[in-house]
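Thanks for coming. I have one structure to go through today, so please put it up on the screen.

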Amino acid sequence: QGESSLGTVLGLLDGQLAGGRAEAETGALDLSLGLAEEIIPVLLAGMVLGGEALPRGGQVRLAGDPGREFAIWPQGQRAAWPASLLRALAGELPVDAMGREVMVLWLCHVAAAAGVRLSIAVPPDGSAGPLMLSFA
């Protein structure tokens with residue numbers, strides 16, 4: 001497998017975010033940027049969860065400093081992270097994961113295996129803040 005470009009990795013998500021109702025938005029990030037093999041499943045899982053946070057569709061935005069951290073956040077009508085993600089980041093992983101909880105569990109496990117710290121920044125207005133993927 002090995003390293004892959006950001007553009008190639010995001011291409012795997014075409015038509016997959018929010019059941020095709022959302023698109024990935026990378027802003028000024030360089031799509032030719034190489035991603036380390038261990039980061040790829042964490043980024044993919046985070047982006048898919050961003051799509052799950054968009055029941056009416058919209059955009060899953062990706063930004064950050066690729067050598068230090070990525071921020072993923074859903075932008076669209078009624079955007080909200082799954083409650084199971086918030087609980088998992090507080091240390092309460094789902095025991096018998098079902099539905100959306102499966103992707104939450106997967107994200108937490110691949111992040112731990114890759115040494116990626118997960119957190120959510122909560123904006124004062126209560127909107128869906130960014131999921132932060134911080135690299136050690």
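Phe70 is buried, and so is Phe135. Keep in mind that what you see is a predicted model. The structure holds 1 aromatic pair, and Phe70 and Phe135 form that pair. Its geometry is edge-to-face, with 5.8 Å from centre to centre and 85 degrees between the planes. Where do the two rings sit in the chain? Phe70 is in strand β5, residues 69-75, and Phe135 is in strand β7. They are 65 residues apart, and the pair links distant parts of the chain.

Now the overall picture. The protein chain has 4 helices and 7 strands. Reading from the N terminus, the order of elements is β-α-β-β-α-β-β-α-α-β-β. The C-alpha atoms fill a box of roughly 35 × 30 × 30 Å along the principal axes. The radius of gyration is 14 Å, which agrees with the value near 14 Å that a compact globule of 136 residues would have. Of those 136 residues, 38% count as buried. The accessible surface comes to about 7100 Å², and carbon and sulfur atoms account for 52% of that. As for contacts, take those between residues at least 6 apart in sequence: 63% of them join residues at least 24 apart.

Next, the charged pairs. How many salt bridges are there? The count comes to 2. In one of them, the side chains of Arg68 and Glu69 meet at 3.0 Å, N to O. In the other, Glu101 meets Arg87 at 3.9 Å, N to O. With the cut-off at 4 Å, the 3.9 Å of the Glu101 and Arg87 pair is within the limit. Glu101 lies in helix α4, residues 100-114, and Arg87 in helix α3, residues 83-89, so this bridge ties together parts that are 14 residues apart in sequence. Are these two side chains' residues buried, exposed or partly exposed? Glu101 counts as partly exposed, at 23% relative accessibility. Arg87 is also partly exposed, at 37%.

That brings me to α4 itself. The helix has 15 residues and reaches 22 Å from its first C-alpha to its last. The expected figure is 21 Å at 1.5 Å a residue, and the span is close to that. Which residues of α4 are buried? They are Val104, Leu107, Cys108, Val110, Ala111 and Ala114. The cover over these buried residues includes α2 (40-52), α3, β6 (116-120) and β7 (131-135). So α3 appears here as well as in the salt bridge through Arg87, and β7, which is part of the cover, is also the strand of Phe135. Just after α4 comes Gly115, with a positive phi of about 75 degrees.

Staying with backbone angles, two residues have a positive phi although neither is a glycine. Ala18 is at about 55 degrees, in the loop between α1 (6-11) and β2 (22-25). Arg78 is at about 60 degrees, in the loop between β5 and α3. Which of the two is buried and which is exposed? Ala18 is buried, with a relative accessible area of 7%, whereas Arg78 counts as exposed, at 57%.

That is what I have; I will take comments now.

Methods. Residues are numbered from 1 along each chain as its sequence is written. This is a predicted model: local features need pLDDT of at least 70, side-chain atom pairs count only at pLDDT 80 or more; totals for chains, interfaces and linings use all residues. Side-chain values use heavy atoms; hydrogens and water are left out. Helices (H or I, at least four residues) and strands (E, at least two) are DSSP runs, numbered from the N terminus. Buried means under 20% relative accessible area, exposed over 50%, partly exposed in between (1.4 Å probe, protein chains only). The expected span of a helix is 1.5 Å times one less than its number of residues. Contact means heavy atoms within 4.5 Å. Rings of Phe, Tyr and Trp (its six-membered ring) pair if their centres lie within 6.5 Å; planes under 30 degrees apart count as stacked, over 60 as edge-to-face and the rest as tilted. The radius of gyration is taken over C-alpha atoms; the globule rule is 2.2 Å times the number of residues to the power 0.38. Accessible areas come from the Shrake-Rupley method with a 1.4 Å probe; for residues, only the protein chains shown count as cover.
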